[in-house]
Amino acid sequence: MEEEKVSPMAAMFRSVPQIFRGRQCAPGPLSARMLSKIADEKRPLADKVAVITGSTKGIGFAIAQRLAQNGAHVVISSRKQQNVDRAVAMLKEEGLSVTGTVCHVGKAKDRQHLVATALEHSGGVDFLVCVAGVNPLVGSTLGASEQIWDKILDVNVKSPALLLSQLLPHMEKRGGSSVVLVSSVVAYLPVPKLGVYNTSKAALLGLCKSLAIELAPKGIRVNCLVPGIIKTDFGLGEKAVPNLLPDLNKIYGLQRLGEPEDCAGIVSFLCSPDAKYITGENIVVAGFSPKL
Ligand SMILES: NC(=O)C1=CN([C@@H]2O[C@H](COP(=O)(O)OP(=O)(O)OC[C@H]3O[C@@H](n4cnc5c(N)ncnc54)[C@H](OP(=O)(O)O)[C@@H]3O)[C@@H](O)[C@H]2O)C=CC1
Ligand SMILES: O=C1Nc2ccccc2C1=O
């Protein structure tokens with residue numbers, strides 16, 4: 001039998017999955033422009049750069065992984081070099097584009113270093129996702145020392161604003177920039193003995209709204225992820241809410257705890273062009289709704 005002769009363009013067309021072929025108006029090979037449009041749709045964050053704090057494990061790592069899978073170059077960070085090295089290696093093993101650096105978000109020098117690293121390696125920044133958060137106290141709100149108040153508010157509330165103020169001139173230049181803060185359902189349903197943490201997470205809802213109106217004229221969107229109980233070291237740790245609360249998800253919700261990956265898609269969406277008319281929103285990912 002004679003061997004079928006196939007032009008390079010036809011071969012390329014055959015390699016495009018059926019689902020995409022249906023998009024053509026008329027039969028025939030896909031143009032290079034159409035192929036690149038399809039690639040863009042599959043990788044909506046292509047050519048973008050994302051800086052993500054607290055991203056070497058848990059929710060932050062899942063977000064970094066998803067943003068990178070969707071085409072972004074990600075700059076991951078956390079306090080410990082060994083955690084940064086491990087997370088960078090895991091993402092590189094997947095063939096993803098990643099840089100890592102140490103950044104304790106409560107330290108001004110570390111924040112400066114994170115900004116410098118991102119600019120040096122990536123030439124600019126499009127997205128900032130502020131995941132790092134701490135809760136060093138289970139106990140009375142009014143019994144909390146000033147040191148505890150300072151630590152929780154510094155890391156959870158002040159650091160996203162201070163980091164963003166340093167990145168702002170660079171994000172402004174890019175167009176289509178997006179910021180995502182990370183609060184908690186405890187902002188809506190305060191948990192006993194976590195008063196200072198509850199307060200810090202409620203403050204983030206307000207920070208999101210204030211930054212959204214301040215930055216809207218510059219074309220920068222600001223939204224906030226509000227997770228429920230997510231299976232991470234922090235979420236299931238001894239200072240976590242499941243130990244302190246009846247399981248709200250069992251009573252009201254989808255009958256399971258969340259996985260870090262449950263938080264990733266919404267952040268990728270909020271950074272993507274599909275969300276270009278969404279700003280100032282606090283979006284709950286909890287398997288139930290804590291709001292009226
Ligand atoms: N898990 C849950 O159920 C919920 C979590 N949240 C919020 O989600 C966020 C992430 O939590 P989760 O993924 O569960 O936590 P994990 O403990 O799984 O991960 C925390 C990450 O943050 C880093 N980190 C901790 N402190 C700092 C800091 N000061 N500066 C920079 N990086 C830091 C850690 O690395 P390293 O140790 O190297 O610094 C690690 O990479 C927090 O803001 C938390 O409040 C909100 C609601 C529910
Ligand atoms: O750290 C947290 N652990 C949690 C568990 C359940 C709901 C919220 C949270 C937190 O914010």
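This is a short tour of a predicted model, one selection at a time.

**Whole protein**

Start with the cartoon view. The protein has 10 helices and seven strands. Colour by burial next: of the 292 residues, 38% are buried. Then switch on a contact map. Take contacts between residues at least 6 apart in sequence; 70% of them join residues at least 24 apart.

**Ligand 1**

Select ligand 1 and the residues around it. The shell holds 30 residues, and those that come nearest are G54, G58, R79, G133 and G235. Colour the shell by class. You should find 14 polar, 12 nonpolar and four charged residues. Which helix gives the largest share of this shell? Highlight helix 4, residues 58-69: it supplies three residues. G58, one of the nearest residues to the ligand, is also where helix 4 begins.

**The nonpolar core**

Hide the ligand and move to the largest nonpolar core. It has 70 residues. Pick out A50, I52, I63, V74, L128 and V129, which touch the most other members.

Now centre on A50. What does A50 touch, leaving aside residues up to four places away in sequence? The list is L67, A72, V74, V75, D126, F127, V129 and C271. Two of these partners, V74 and V129, belong to the group with the most contacts to other core members.

**Two positive phi angles**

Go to D47. Its place is the loop between helix 3 (32-42) and strand 1 (49-53). Check the backbone: phi is positive, about 70°, although D47 is not a glycine. Is D47 buried or exposed? D47 is exposed, because 10 other C-beta atoms lie within 10 Å and the limit for exposed is 12 or fewer.

Jump to Q255, in the loop between helix 9 (248-252) and helix 10 (264-271). Here too a residue other than glycine has a positive phi, near 70°. Q255 counts 11 other C-beta atoms within 10 Å, so it is exposed.

**Last stop: G143**

Select G143, found in the loop between strand 4 (127-130) and helix 7 (146-174). G143 is exposed, because there are 10 other C-beta atoms within 10 Å. Finish with a distance label from G143 to I52, C-alpha to C-alpha. The label should read 33 Å. In sequence, G143 and I52 are 91 residues apart. I52 takes you back to the largest nonpolar core, where it is among the residues that touch the most other members.

Conventions
Residues are numbered from 1 along each chain as its sequence is written. Chains are lettered from A and ligands numbered from 1 in the order in which they are written. This is a predicted model: local features need pLDDT of at least 70, side-chain atom pairs count only at pLDDT 80 or more; totals for chains, interfaces and linings use all residues. A residue is near a molecule or strand if its C-beta atom, placed from the backbone, lies within 6 Å of it. Helices (H or I, at least four residues) and strands (E, at least two) are DSSP runs, numbered from the N terminus. Ala, Val, Leu, Ile, Met, Phe, Trp, Tyr, Cys and Pro count as nonpolar, Asp, Glu, Lys and Arg as charged, and the others, Gly among them, as polar. A nonpolar core is a set of buried Ala, Val, Leu, Ile, Met, Phe, Trp, Tyr and Cys residues joined through C-beta atoms within 7 Å. A residue is buried if 20 or more other C-beta atoms lie within 10 Å of its own, exposed if 12 or fewer, and partly exposed in between; C-beta atoms are placed from the backbone. Two residues are in contact if their C-beta atoms, placed from the backbone, lie within 7 Å.
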